[in-house]
Amino acid sequence: MADGIRSVISLSDWTGLLLISIVLPAVICPVIHRLVVKAGWVREGDLTLAGAKAAPATVAAGTEAGSKE
């Protein structure tokens, strides 16, 4: 190596990486979810498949319902 410079990853580097990439999102996401529910933007059951409404039928481009080619 040039001039004996060596990069060492210390324990504090690993701790910071673990904190930023795993712990903070695991703490922040539930907090944001509770705030969004309290604000009324999301109601109980909105994020389930059973709570999904049927999508309206769409007509393919260039065809109409009931037409025969």
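So, how many helices and how many strands does the secondary structure of this protein come to? The count is 1 helix and 0 strands. Keep in mind that what we have here is a predicted model.

Okay, the helix. α1 covers residues 11–39, so to speak the whole topic of today. Those 29 residues reach 40 Å from the first C-alpha to the last, which is close to the 42 Å you'd expect at 1.5 Å a residue. There is a bend, though: about 40 degrees, at L19. And right after α1 comes G40, with a positive phi near 90 degrees.

Let's stay with L19 for a moment. L19 sits in α1 and, leaving aside residues up to four places away in sequence, touches L24 and P25. Buried or exposed, or something in between? L19 has a relative accessible area of 41%, so it goes down as partly exposed, since that class lies between the 20% and 50% cut-offs.

Now the surface. Of the 69 residues in the protein, buried ones make up just 1%. The accessible surface is about 6800 Å², and carbon and sulfur atoms account for 65% of that.

Which residues make the nonpolar surface patch? L19 is in there, together with L18, I20, I22, V23, L24, V27, I28, V31, I32 and L35, and the patch comes to about 970 Å². Take V27 as one of them: V27 lies in α1 too, and its relative accessibility is 48%, so V27 counts as partly exposed.

One general reminder for looking at the picture: an α-helix has 3.6 residues a turn, so residues three or four places apart point the same way.

Conventions. Residues numbered from 1 in each chain as written. Predicted model: local features only at pLDDT ≥ 70, side-chain atom pairs only at ≥ 80, totals over all residues. Heavy atoms only, no water. Helix = DSSP H or I, 4+ residues; strand = E, 2+ residues; numbered from the N terminus. Buried < 20%, exposed > 50% of the residue type's maximum accessible area, 1.4 Å probe, protein only. Areas by Shrake-Rupley, 256 points an atom, 1.4 Å probe, with all protein chains shown as cover. Patch = residues over 30% accessible without salt bridge, like charges linked within 9 Å, V, L, I, M, F, W, Y side chains within 5 Å. Salt bridge = Lys/Arg side-chain N within 4 Å of Asp/Glu carboxyl O. Expected span 1.5 Å × (residues − 1). Bend = angle between axes of the 7 residues up to and from the residue. Contact = heavy atoms within 4.5 Å.
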